[in-house]
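Hi everyone, thanks for coming. Today I'd like to walk you through one protein chain, starting with its domains and ending with a helix. Please have a look at it first.

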Amino acid sequence: MPGTTRRWVLARHIQGAPTPEDFRLETLPLPELEDGRFLSKVILSSVDPGTRSRLSGGDSYAGAMKIGEGIDGFCVAQVIESRNPNYAVGDLIAAGGGWREHFVSDGRGYIQRITDRRVPLGCWIGILGVPGLTAWFGLNRVGQAKAGEVLLVSSAAGPVGATAGQIGKKLGLRVVGVAGGAKKCAWLKDQAGFDAVIDYKAERDLTAAIKAACPEGVDILFDNVGNAMVDRVLPLMKLRGRVVVSGQVADYNVPVEQRHGLKHTDVFITHRVRMEGLVVFDDIRAFAAAQSQMADWIADGSLKFAIEEFDGIERAAEAFCGLFRGENFGRRLVRMSKDPA
Ligand SMILES: NC(=O)c1ccc[n+]([C@@H]2O[C@H](COP(=O)([O-])OP(=O)(O)OC[C@H]3O[C@@H](n4cnc5c(N)ncnc54)[C@H](OP(=O)(O)O)[C@@H]3O)[C@@H](O)[C@H]2O)c1
């Protein structure tokens with residue numbers, strides 16, 4: 001058993017865009033296992049844009065992180081020592097381990113056994129993990145998606161957006177994506193099967209481009225970006241349209257008082273529009289059914305995903321910071337150790 005392990009902690013509360021200097025990599029001893037606990041070796045860790053909302057010292061839905069606290073994230077890991085009857089050495093799990101090489105757990109919290117090895121392990125913290133499940137429940141439960149409707153997805157090339165758009169296509173919707181750059185847009189059209197894609201970085205008038213791509217209006221806005229996008233699209237919403245508030249990646253680095261406000265709220269009345277957010281864990285009881293359907297689609301090649309791997313724990317902070325510059329192509333993961341055979 002290793003005597004020590006490494007993890008990233010918050011070095012200071014962050015103002016504006018995160019930089020690697022906001023984090024610190026530390027080495028710490030691994031304690032003797034107490035009864036009821038097990039030790040896991042991390043294989044892959046995720047870096048998640050939503051983590052940013054906890055790093056400025058103010059509470060978000062998950063509570064503010066303190067200086068010196070370990071950075072959270074999701075991981076795929078293998079149990080290497082166990083004093084917990086429910087977890088045996090060799091078990092593969094997806095859990096909320098954070099940016100670290102090992103973690104000790106008492107079996108409580110989000111831990112899922114990985115039994116389906118048809119898909120790459122990284123999928124269990126990507127398209128079959130929190131991002132894919134956010135897309136699934138955001139579109140189905142919150143968005144109430146129906147065949148024939150028009151779905152507009154922002155940050156469409158990210159793991160949440162790309163999955164939401166593809167689920168929308170499977171449900172029979174017309175799907176339009178907004179993403180940054182030609183490479184992301186080409187992938188969404190050619191691989192993910194979106195009906196239309198708008199490269200917002202190349203458009204001088206984004207509202208006009210969205211109008212042109214959705215001439216009859218928008219039934220569902222699946223928003224990953226934040227208030228400026230919601231306010232831009234509100235006047236284009238159809239009667240009884242739905243705005244699914246999935247994430248606010250453009251707003252996480254901006255203090256609340258400087259964020260874009262919503263001006264077009266009259267549309268909620270005139271068009272009976274509904275706007276609702278979600279926390280993916282609200283639907284935890286239904287995860288297994290959604291994962292089983294999506295795993296089948298991945299296995300038959302009809303649900304596409306992109307994974308970018310960064311090698312070694314040293315690269316976690318760098319991988320995270322790039323999310324806010326649009327550098328990620330799909331799900332960003334940090335490889336902590338090799339896949340088991
Ligand atoms: N509600 C929940 O339970 C839940 C769970 C998981 C994730 N989420 C949220 O879902 C959203 C998407 O997550 P994800 O993991 O799929 O990440 P993601 O969309 O890949 O996020 C990174 C991407 O966001 C875009 N972006 C970054 N800064 C931006 C800015 N200032 N303006 C516009 N776009 C910007 C960039 O794409 P472009 O190059 O296309 O600009 C970048 O590549 C996030 O907001 C996340 O917090 C919510």
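Let's begin with a term: a polar contact is a pair of N or O atoms within 3.5 Å, where, within protein, one must be able to donate a hydrogen and the other to accept it, and residues adjacent in sequence count only if both atoms are side-chain atoms. Keep in mind that this is a predicted model, where local features need pLDDT of at least 70, side-chain atom pairs count only at pLDDT 80 or more, and totals for chains, interfaces and linings use all residues. Residues are numbered from 1 along each chain as its sequence is written, and side-chain values use heavy atoms, with hydrogens and water left out.

Now the domains, whose bounds come from an automatic or database domain assignment. Domain 1 covers 4-126 + 306-335, and domain 2 covers 130-281. Their contact (heavy atoms within 4.5 Å) takes 20 residues from domain 1 and 14 residues from domain 2. How many residue pairs are in polar contact across the interface of domain 1 and domain 2? The rule finds 4, with both residues at pLDDT 80 or more.

Next, helix α4, residues 206-213 (helices are DSSP runs of H or I, at least four residues; strands are runs of E, at least two; both are numbered from the N terminus). Leu206, Ala209, Ile210 and Ala213 are buried there (under 20% relative accessible area, 1.4 Å probe, protein chains only). Down the axis of α4, these buried residues fall within an arc of 100 degrees, so they line one face of the helix; the arc is that of the directions from the helix axis to the C-beta atoms. They pack against β8, β9, β10 and α5. Finally, Asp205 caps the N-terminal end of α4, with a side-chain oxygen 3.3 Å from the backbone nitrogen of Thr207.

Conventions: Buried means under 20% relative accessible area, exposed over 50%, partly exposed in between (1.4 Å probe, protein chains only).
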